[in-house]
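Please open the model in your viewer and keep the sequence panel beside it. The tour moves from one selection to the next, with a short account of what is found at each stop.

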Amino acid sequence: MLNHFKSDPVFTPEQVLENRGRVAIFIDGSNLFYAALQLGIEIDYTKLLCRLTAGSRLLRSFFYTGVDRTNEKQQGFLLWMRRNGYRVIAKDLVQLPDGSKKANLDVEIAVDMMALVGSYDTAVLVSGDGDLAYAVDAVSYRGVRVEVVSLRSMTSDSLINVSDRYIDLDGIKEDIQKTSRQSYTYRPLSGIGMMDEQEDQ
C-alpha cells in the first residue's frame, strides 16, 4: 500500500504547473546573462518568455538590467525587449574602483515583487542571488508561490530553500537558446552586455 502511494503522487508536476494562476516574471538580467555564458548558449528571449509562462496567464514580465546610455546596441536590445513582452527596469551602470561597471537591482526586484502581491499567484524569479531570499520568503508568506530559475552553480542555497520550486537553467537550455549559433559581440567594459545578443531579432 505504501509503495502504491509513492508511485502515484497526489499531484503530478504537470498538474502543479497547471495551477499556477496568474504568473509574474522577474528576471535579473545580469545574472541570466552570466549564466548563459557559463552554459555556452545565447538566450532567445521570445522562447524564454514562453517557457517561463508555460501556458499560464502572464501578468507581466520584468527585466532588470544595468545600462550604459552611450551603448547604441544595448539601447536597441532594450527597445526590442520592450516591444516583445518585457517591462524593462533599467539603472545606470556605476564604475567601480577596479574599473568594472555594475548596477545592482536587487532592491528594485524585491520592491516590485512585494508591491504586486495580490495581483499574481506565482512569481518566477530568474536569479541565483541569495540577497533576494528575504523578499522571496516575504511574498511566500503573503500567499505567493515562488519558482526560482537559475544555473545551479550560480545559485545561493538560501534562495532555493525558500522557493517552492527550483528549475536549473541547464535543464531547460534547449528550450530557451537560439537555434542558429551567432558570435557574441559582448564586451566586458560595457557592463552587462546582454544587449548585444538580440540585435538580429
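Select Ile 27, which in this predicted model is buried, with a relative accessible area of 0%. Ile 27 lies in strand S1, and its contacts, leaving aside neighbours within four places in sequence, are Leu 32, Leu 48, Leu 52, Ser 61, Phe 62, Phe 63, Tyr 64, Tyr 86 and Val 126. If you draw a distance from Ile 27 to Thr 65, C-alpha to C-alpha, you should read 8.7 Å, although the two are 38 residues apart in sequence.

Now extend the selection to the whole of strand S1, residues 22-28. Six of its seven residues are buried, so S1 is largely enclosed by the rest of the structure. What does S1 pair with? Seven bridges join S1 to S2, and the two run parallel; Arg 22 stands opposite Arg 57 in S2. S1 also pairs with S6, again in the parallel sense, over five bridges, and here Ile 27 stands opposite Val 126 of S6.

Next, show all the strands of this sheet, and follow them across in the order S3-S2-S1-S6-S7-S8, which makes an open sheet of six strands with parallel pairing. Its edge strands are S3 (87-92) and S8 (165-168), each of which pairs on one side only. From one strand to the next the twist averages 15°. Towards the S3 edge, six bridges join S2 to S3 and these strands run parallel; if you pick Phe 62, its bridge partner in S3 is Arg 87.

Keep the sheet displayed and add two helices. Helix H3 lies across S1, S2 and S6, and runs at about 70° to S1. Helix H5 packs on the sheet, where it touches S2 and S3, and its direction makes about 170° with that of S2.

Turn next to the side chains between these elements. The largest nonpolar core has 29 residues, of which Ile 27, Tyr 45 and Leu 48 touch the most other members. At least two residues of this core come from each of S1, H3 (29-39), H4 (45-53), S2 (57-67), H5 (72-82), S6 and H9 (169-176). Centre the view on Leu 48: apart from residues up to four places away in sequence, this residue touches Ile 27, Leu 32, Ile 43, Tyr 86 and Ile 176. A second, separate core has 22 residues, including Tyr 120, Leu 132, Val 136 and Val 139.

For the aromatic residues, colour the rings of Phe 26, Phe 62, Tyr 64 and Tyr 120, which form one aromatic cluster. Over the whole structure, nine aromatic pairs are found.

Two of these residues of the second core, Val 136 and Val 139, lead to helix H7 (133-140), where Ala 133, Ala 135, Val 136 and Val 139 are buried. These four cover an arc of only 165° around the axis, which puts them on the same side of H7. Show what covers them, and you will find among the elements H6 (106-115), S6 (122-126), S7 (145-150) and H8 (157-162).

Helix H9 can be examined in the same manner. Its buried residues are Leu 169, Ile 172 and Ile 176. Seen down the axis of H9 they fall within an arc of 80°, so they line one face of the helix. Which exposed residues does the face turned away from the buried side of H9 carry? They are Gly 171 and Glu 174. The cover over the buried residues of H9 includes H3, H4, S7 and S8.

One stop concerns the backbone. Select Ala 54, in the loop between H4 and S2, and read its phi, which is near 50°, a positive value in a residue other than glycine. Most residues other than glycine have a negative phi. At 39% relative accessibility, Ala 54 counts as partly exposed.

Finally, zoom out to the entire protein chain, which has nine helices and eight strands. Of its 201 residues, 45% count as buried. Among contacts with a separation of 6 or more, 67% are accounted for by residues 24 or more positions apart.

Technical notes:
Residues are numbered from 1 along each chain as its sequence is written. Side-chain values use heavy atoms; hydrogens and water are left out. Buried means under 20% relative accessible area, exposed over 50%, partly exposed in between (1.4 Å probe, protein chains only). The arc is that of the directions from the helix axis to the C-beta atoms. Contact means heavy atoms within 4.5 Å. A nonpolar core is a set of buried Ala, Val, Leu, Ile, Met, Phe, Trp, Tyr and Cys residues joined through side-chain atoms within 4.5 Å. Two strands pair if DSSP finds at least two bridges between them. Axes are lines fitted to C-alpha atoms, for helices over the stretch in contact, and angles run from 0 to 180 degrees between N-to-C directions. Rings of Phe, Tyr and Trp (its six-membered ring) pair if their centres lie within 6.5 Å; planes under 30 degrees apart count as stacked, over 60 as edge-to-face and the rest as tilted.
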